Amino acid sequence: MASPVNYTVTGNIGVITVDNPPVNALSWAVRQGLLDAFETAAKDATEAVLLVCDGRTFIAGADISEFGTPPRAPHLPDLCDHMEAFDKLFVAAIHGTALGGGFEVALSANYRCAVATAKVGLPEVKLGLLPGAGGTQRTPRLAGVDAALQLITSGAPLGATAAKDVGLVDEIIDGDLLEGALAYVGRLLADSAPQRRTSTLEVPQHDAAIFDQVRAQLAKKARGQVAPQAIVDCIEKAAGSTYDEGVAYERRRFLELMDGDQSKALQHFFFAERAAAKIDDMPEDVQIRSVESVGVIGGGTMGGGIAMTFANAGIPVTLVEINDDALERGLSIVDRNYAGSVKRGKLSETQAAACRDLISGATDYAKLADVDLVVEAVFEDPNLKKEIFSKLDAVCKDGAILATNTSYQDVNEIAAATGRPEDVLGLHFFSPAHIMKLLEVVRGAETANDVLATCMKLARRIRKVPVVAGVCYGFIGNRMLQPYGEQAQLLLLEGATPEQVDSAMEDFGMAMGPMRVFDLAGLDVGYKAREALSDKEKGDPAGYRVPDLLVEAGRLGQKSGSGFYSYDENRRPTPDPEVHRLIEDTAAELGIERRDISDDEIVNRLVGALVDEGRKIIDEGIAQRASDIDVVYVYGYGFPAFRGGPMFYASQSAK
Ligand code: T1G
């Protein structure tokens with residue numbers, strides 16, 4: 001088997017080229033190949049070594065698929081120390097994304113050059129790990145403690161220019177990378193540039209108080225996660241000890257995390273997210289339709305957010321409303337959202353203006369005659385949706401994709417309102433649509449393969465994580481939310497308080513507990529949905545009596561200033577004794593005995609409710625695989641990624 005590492009000589013420079021598609025991960029073969037190449041270079045007449053990568057990116061990290069297998073030498077930390085100790089000038093040339101162990105390899109070089117579009121980063125924290133090959137020790141020595149803390153605890157990559165500003169990259173290469181890098185090495189040799197070994201540098205002056213400040217911030221921002229705290233410990237160690245002491249400490253903390261549950265869960269989630277994009281029964285040669293223009297029906301909160309999502313990806317959008325007033329309201333929601341994105345620094349004024357210019361309004365369906373895709377996002381009235389789809393069927397061109405953003409309606413019935421059900425599917429965005437990453441792609445009984453494949457590909461283009469769902473009431477996410485909600489109601493009646501249920505789930509890692517979620521969504525939404533159901537369909541009254549009574553008392557949730565909690569003008573929740581009394585009275589009315597309930601019981605019963613419904617969803621083929629459900633709950637419902645998602649969590653708890 002040919003080595004994925006190639007060694008050639010250009011003039012007086014040894015060129016080491018890594019070629020291990022798709023992302024030049026540091027598999028055993030790459031590590032061995034690098035070691036062999038350095039040994040060859042050590043013996044030849046070259047004066048310097050240049051490390052470059054073929055393909056779309058520089059080394060994007062250790063090979064995650066090797067995690068959990070017995071580690072094979074050469075081990076990355078030793079290899080990095082070996083490369084740094086090399087007795088000839090060593091330069092790394094970066095394109096694409098130099099990440100994790102890949103950036104640690106670059107940090108062991110004397111100098112780094114990069115094309116301006118390159119990114120560098122240490123995202124190990126997203127895998128519940130820390131940089132385990134000197135990254136926590138070399139980064140602060142080059143960039144200082146503050147920049148190192150920011151880069152490694154966030155896991156977010158830095159652009160090449162920003163990396164140069166903090167000393168992590170030394171030269172930006174214009175034009176062809178290899179050519180420019182060879183010239184750069186030539187200049188370094190001509191200038192007799194010193195062999196700067198990062199591990200020998202002192203950590204620059206810094207305020208020692210920063211470590212506890214960052215620990216406190218992370219305790220809030222990354223609540224319950226162990227890796228971010230361990231990273232701060234390692235960088236603090238770097239600031240107060242020799243490189244050898246620091247790297248030994250880093251290694252110990254790295255192995256602790258690698259053996260930990262959180263990293264196993266996050267490694268599962270890394271591959272789960274990528275697996276979700278795959279459709280098991282999709283023919284390899286399926287044709288992708290072109291989507292270069294989009295129509296959105298309905299300018300409400302969802303419609304406005306969906307329009308922005310496409311515009312932010314550079315796709316022109318026509319937002320259609322029933323009349324000018326409604327259209328104006330819709331477009332003003334969009335303007336407000338863009339102003340918010342600029343205020344939060346997510347977009348610059350110029351970027352926001354450019355995106356906004358891609359959104360135009362209309363009140364005439366004829367404006368949609370030539371668009372490639374239409375997304376209907378009006379309120380949940382099945383008859384109105386069918387009416388809209390039969391209108392779209394009449395005006396849209398052949399080959400246009402017709403999608404509904406319904407959260408739970410029957411997509412097959414909506415498709416049947418057209419003469420082209422094969423061009424219809426569900427694209428279920430989550431609120432706020434221009435922010436939430438999840439997109440449930442609902443496959444109707446007639447949906448054509450190319451329509452489905454086109455939308456899965458389009459999802460990545462609009463920076464969404466797509467998950468395929470079959471047609472049933474509530475698809476994957478909302479269907480599982482039903483028994484989760486009912487279980488939460490039972491826990492209240494049996495003795496827990498809304499604030500106890502929420503804090504137990506938030507301590508577990510949920511972004512928000514169920515009671516606060518229901519108050520945010522509005523208790524009247526569920527109330528109206530139940531009004532359309534018979535008592536038999538509504539099921540056990542214990543599952544909905546309390547929210548019904550709250551609504552009938554005018555407590556609709558945050559929007560009315562009270563629900564399960566009372567809310568102040570800043571929408572901060574306060575436990576309300578009135579609600580406690582209402583719950584106790586309802587329990588008595590339903591003959592439910594009350595008792596002390598532990599937080600563990602709350603977590604087990606609520607996660608259990610999700611998992612039980614998840615298993616039915618898999619058995620019915622509504623979800624392709626259990627890991628898809630994990631992706632839905634992490635990106636759509638705030639389930640902690642460091643638990644891997646409900647299905648993974650249950651599989652680990654069963655062990
Ligand atoms: N190992 C193994 N496979 C990887 C991989 C990796 N590091 N990165 C990507 N892949 C696979 C991925 O599963 C997919 O496979 C294909 O490559 C394309 O990926 C000691 C221990 C680089 C930004 O965390 O962030 O180093 O699905 O679909 O959107 O300190 O991949 O096609 O079969 O994501 O263009 C640190 C992880 C590791 C970076 C490209 N590195 N990768 O994104 O493509 S820990 C990371 C990414 C570490 C050291 C520690 C992204 C990307 P398949 P993709 P993309």
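Helices H5 and H8 of this predicted model run roughly parallel to each other, because their axes cross at roughly 20 degrees and angles under 35 degrees count as roughly parallel. H5 covers residues 145-154 and H8 covers residues 210-221, and the two axes come within 11 Å. The crossing itself is right-handed as H5 passes H8. On the H5 side, the contact is made by Val145, Asp146, Leu149 and Thr153, and these meet Ile210, Phe211, Val214 and Leu218 of H8. Sorted by class, the residues of this contact come out as six nonpolar, one polar and one charged.

A second pair brings together helix H4, residues 135-143, and helix H10, residues 243-258. Here the axes lie 8 Å apart, and the packing angle is about 135 degrees. H4 and H10 are therefore oblique to each other. From H4, the contact takes in Gly135, Thr136, Gln137, Arg138 and Arg141, while H10 brings Tyr243, Gly246, Val247 and Glu250. The class count for H4 against H10 is two nonpolar, four polar and three charged residues.

Further along the chain, helix H18 (residues 477-494) meets helix H26 (residues 626-637), with axes that come within 10 Å and cross at roughly 80 degrees. That angle makes H18 roughly perpendicular to H26, since the range for this label is 65 to 115 degrees. Gly477, Asn478, Met480 and Leu481 are the H18 residues in the contact, and their partners on H26 are Ile629, Val632, Tyr633 and Tyr637. No charged residues take part in the contact of H18 with H26, which has six nonpolar and two polar ones.

Turning from helix pairs to empty space, the structure holds one cavity of 30 Å³ or more. The space inside the largest cavity comes to about 30 Å³. Its lining is made up of Ala496, Thr497, Pro498, His580, Ile583, Glu584 and Arg594. Helix H24, which spans residues 577-589, gives the most to this lining, with three residues. In terms of class, the lining of the largest cavity is a mix of three nonpolar, two polar and two charged residues.

The backbone has a few spots to look at as well, and they sit in loops. Pro21 and Pro22 are joined by a cis peptide bond, with omega at about 5 degrees. Pro22 belongs to the loop that links strand S2 (13-18) to helix H1 (28-43). Another cis bond runs from Ala73 to Pro74, this one with omega near 0 degrees. Pro74 falls in the loop between strand S3 (48-53) and helix H2 (76-84). Ser192 brings in another kind of backbone feature: its phi is near 50 degrees, a positive value in a residue other than glycine. To find Ser192, look in the loop between helix H7 (177-190) and H8, the helix that also makes the right-handed crossing with H5.

How values were computed:
Residues are numbered from 1 along each chain as its sequence is written. This is a predicted model: local features need pLDDT of at least 70, side-chain atom pairs count only at pLDDT 80 or more; totals for chains, interfaces and linings use all residues. Side-chain values use heavy atoms; hydrogens and water are left out. Axes are lines fitted to C-alpha atoms, for helices over the stretch in contact, and angles run from 0 to 180 degrees between N-to-C directions. Helices (H or I, at least four residues) and strands (E, at least two) are DSSP runs, numbered from the N terminus. Angles under 35 degrees count as roughly parallel, over 145 as roughly antiparallel, 65 to 115 as roughly perpendicular and the rest as oblique. A crossing is left-handed if the near helix is turned anticlockwise from the far one by less than a right angle, and right-handed if clockwise. Contact means heavy atoms within 4.5 Å. Ala, Val, Leu, Ile, Met, Phe, Trp, Tyr, Cys and Pro count as nonpolar, Asp, Glu, Lys and Arg as charged, and the others, Gly among them, as polar. On a 1 Å grid over the protein atoms alone, a cavity is a set of points where a 1.4 Å probe fits but cannot get out, and a pocket is an open set with protein on both sides within 12 Å along at least five of seven lines; lining residues have an atom within 4 Å of a point. Grid points are joined across faces, edges and corners, and a volume is the space filled by probe spheres set on the points.
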